[in-house]
Amino acid sequence: MIQSLTDKVVFNNGIEIPGLGLGVFQIPNEETAEVVKTGIINGYRLIDTAQIYGNEKGTGEGIKEGLKITGLNREDLFVTSKVWNAHISKEEALNSFEESLKKLQLDYLDLFLIHWPGKDSFKESWLALEELYEAGKIRAIGVSNFEIHHLEELLSYAKVIPALNQIELHPKLSQKEIRDFCKQHDIKIQAWSPLMQGQLLDHPIIKEIAKKHKKSTAQIILRWDIEQEILLVVKSVHENRMLSNSDVFDFKLDNEDMERLNSLNQSLRSGPHPDEFNF
Ligand code: NDP
């Protein structure tokens, strides 16, 4: 289990990823540099963006400024982006990767994911990711929003086993089956919208547990992930929330807390179901 914001876990290819990262979904490009810089200054080492967020440029500027202020090196950070589904031909996926690098002002990515499985084949995108990985332009490759059947399909031809599957996961959507499947195949799970985009923060049971531990409801939820060794990316544009979201290493949930949190699962999503997402 990770013990700090900078603690890492090891992928199936030996590459290490920080267990807790900062996501930048829904942050306008012009505000992203400030958010990313503030995150880095406050100890975040994993930054999660995507082509479709439209803020890779701002993310890149924030990384540059954050490194300058902290004196850290590029290698001290872990940067994830995701190929959007419109890039379905291998060539388009390869070109989009070069675009991402340019916007991010980077010469490699730590992790590049297929953002959604989509309705058609994702094989071309995966072949592109494998090629970039073999060429040393990405340290690890993976997927996002893949259900078990998508992973089975991918594994039938993949030369490189995905390092990670980033999925919506929080106490209302605990994703047990897919977690078990990924564990069997040595694929790490990373939670997106761990706070259900803020919708879980007033939940009465989580409030009770928060009161008991003198912590916020957000901290209880994030600790629930950490204790189950689920990687996560959480988003806030506010420095005080970035700090409190990473102040989750000085307490422990007991069995009763975990059972109460586990009992909240209703397979409820804040985002679309991967099999129904129509684009
Ligand atoms: P989160 O569950 O991280 O919740 C973010 C929301 O909660 C924001 O409105 C934020 O507001 C608020 N918030 C954060 N911390 C606190 C706090 N301590 N107290 C009160 N409110 C808080 O949702 P996201 O959807 O942003 O998910 C996190 C990341 O996951 C994304 O940024 C993105 O990187 C990734 N993601 C990936 C997807 C995929 O398809 N692969 C889909 C969706 C997300 P504020 O900013 O104002 O503080």
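1. Start with Gln166: an N or O atom in its side chain is 2.7 Å from a nitrogen atom of the ligand, in a predicted model. That makes a polar contact, meaning a pair of N or O atoms within 3.5 Å. The protein covers 88% of the ligand's 910 Å² of accessible area on its own (Shrake-Rupley method, 1.4 Å probe).

2. Two more side chains to look at: for Tyr53, an N or O atom is 3.4 Å from a ligand nitrogen, and for His115, a polar atom lies 3.2 Å from a ligand oxygen.

3. Around the ligand there are 29 residues, with Asp48, Gln166, Ser193, Ser236 and Arg241 the closest; a residue counts if one of its heavy atoms lies within 4 Å. The shell divides into 13 nonpolar, twelve polar and four charged residues, with Tyr and Cys counted as nonpolar and Gly as polar.

4. Helix H9 (239–245) and strand E10 (231–234) each give the shell at least two residues. H9 gives the most, with three. Helices (H or I, at least four residues) and strands (E, at least two) are DSSP runs, numbered from the N terminus.

5. Zooming out, the protein chain has ten helices and ten strands. Its radius of gyration is 18 Å, close to the 19 Å from the globule rule for 279 residues, so the chain is as compact as a globular protein of that length (C-alpha atoms; the rule is 2.2 Å times the number of residues to the power 0.38).

6. Housekeeping: local features need pLDDT of at least 70 and side-chain atom pairs 80 or more, while totals for chains, interfaces and linings use all residues. Residues are numbered from 1 along each chain as its sequence is written, and side-chain values use heavy atoms, leaving out hydrogens and water.

Note on methods
Polar contact = N/O pair within 3.5 Å; in protein donor to acceptor, adjacent residues only side chain to side chain.
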